[in-house]
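Biologist: I have a model on my screen and some labels to check. Can you take me through the reasoning behind each one?
Modeller: Gladly. Let us put it up and go through it.

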Amino acid sequence: MMARRRSPRSTSPARRILLRGIAIAVLVAVALYGYSYYRGSQLRDSCTGNGGEWNAEREQCTFRLALPEQTPSDATP
């Protein structure tokens, strides 16, 4: 008896649907991860570009107020 060869087109419809679903899920996951990374880098760049400091632990921007230097007063007792 000769072994039957399967042609590439003879895969079952259920398998094709499953593979397409997995491919779409992977593409959606990559797109969401990419958007999250892009958005985070935009926030960090905007923060540091406007004079702030990026706090990686809190994932927020902090600005320090520039206080004028205090001059010693000429108070005589």
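Biologist: What share of the 77 residues in the protein is buried?
Modeller: Buried residues make up 5% of the 77. Keep in mind that this is a predicted model.

Biologist: How much surface does the protein expose, and what share of it do carbon and sulfur atoms supply?
Modeller: The exposed surface is about 8100 Å². Carbon and sulfur atoms supply 58% of it.

Biologist: Which helices and strands does the protein have, and in what pattern?
Modeller: There is one helix, with two strands. Along the sequence the pattern reads α-β-β.

Biologist: How do you know that cysteine 47 and cysteine 61 form a disulfide?
Modeller: Their sulfur atoms are 2.0 Å apart. The cut-off is within 2.5 Å, so a pair of cysteine sulfur atoms inside it counts as a disulfide. A search of the whole structure finds one disulfide.

Biologist: What does this disulfide tie together?
Modeller: Cysteine 47 lies in helix H1, residues 13-49, and cysteine 61 in strand E2, residues 60-62. The pair therefore ties together parts that are 14 residues apart in sequence.

Biologist: Why is the disulfide called right-handed?
Modeller: Because the torsion about the S-S bond of cysteine 47 and cysteine 61 is about 80°.

Biologist: Is cysteine 47 buried or exposed?
Modeller: Cysteine 47 has 4% relative accessibility, so it counts as buried. The limit for buried is under 20%.

Biologist: Why is cysteine 61 called partly exposed?
Modeller: Its relative accessible area is 27%. Buried means under 20% and exposed over 50%, so a value in between is partly exposed.

Biologist: How do you know that arginine 64 forms a salt bridge with glutamate 53?
Modeller: The closest N and O atoms of arginine 64 and glutamate 53 are 3.3 Å apart. The test asks for a side-chain nitrogen of Lys or Arg within 4 Å of a carboxyl oxygen of Asp or Glu, so the pair qualifies. One salt bridge is found in a search of the whole structure.

Biologist: Which parts does the salt bridge tie together?
Modeller: Arginine 64 is in the segment after E2, and glutamate 53 is in strand E1, residues 53-55. So the bridge ties together parts that are eleven residues apart in sequence.

Biologist: What makes arginine 64 exposed, and glutamate 53 partly exposed?
Modeller: Arginine 64 has a relative accessible area of 67%. Exposed means over 50%, so arginine 64 passes. Glutamate 53 is at 39%. That falls between the two limits, so partly exposed is the label.

Biologist: What is unusual to look for in phi of glutamate 59?
Modeller: Phi of glutamate 59 is near 55°, a positive value in a residue other than glycine. Glutamate 59 sits in the loop between E1 and E2. With a relative accessible area of 60%, glutamate 59 is exposed.

Biologist: Where does asparagine 50 lie, and what does its side chain reach?
Modeller: Asparagine 50 is in the loop between H1 and E1. Its side chain reaches the backbone oxygen of serine 46 at 3.0 Å. Asparagine 50 counts as exposed, at 58% relative accessibility.

Biologist: Which residues make the nonpolar surface patch?
Modeller: Leu18, Leu19, Ile22, Val26 and Val30 make it, and the patch covers about 470 Å². Leucine 19 lies in helix H1.

Technical notes: Residues are numbered from 1 along each chain as its sequence is written. This is a predicted model: local features need pLDDT of at least 70, side-chain atom pairs count only at pLDDT 80 or more; totals for chains, interfaces and linings use all residues. Side-chain values use heavy atoms; hydrogens and water are left out. Helices (H or I, at least four residues) and strands (E, at least two) are DSSP runs, numbered from the N terminus. Buried means under 20% relative accessible area, exposed over 50%, partly exposed in between (1.4 Å probe, protein chains only). Accessible areas come from the Shrake-Rupley method with a 1.4 Å probe; for residues, only the protein chains shown count as cover. Patches are made of residues with over 30% relative accessible area and no salt bridge: like charges are joined within 9 Å, nonpolar side chains (Val, Leu, Ile, Met, Phe, Trp, Tyr) within 5 Å. A polar contact is a pair of N or O atoms within 3.5 Å; within protein, one must be able to donate a hydrogen and the other to accept it, and residues adjacent in sequence count only if both atoms are side-chain atoms.
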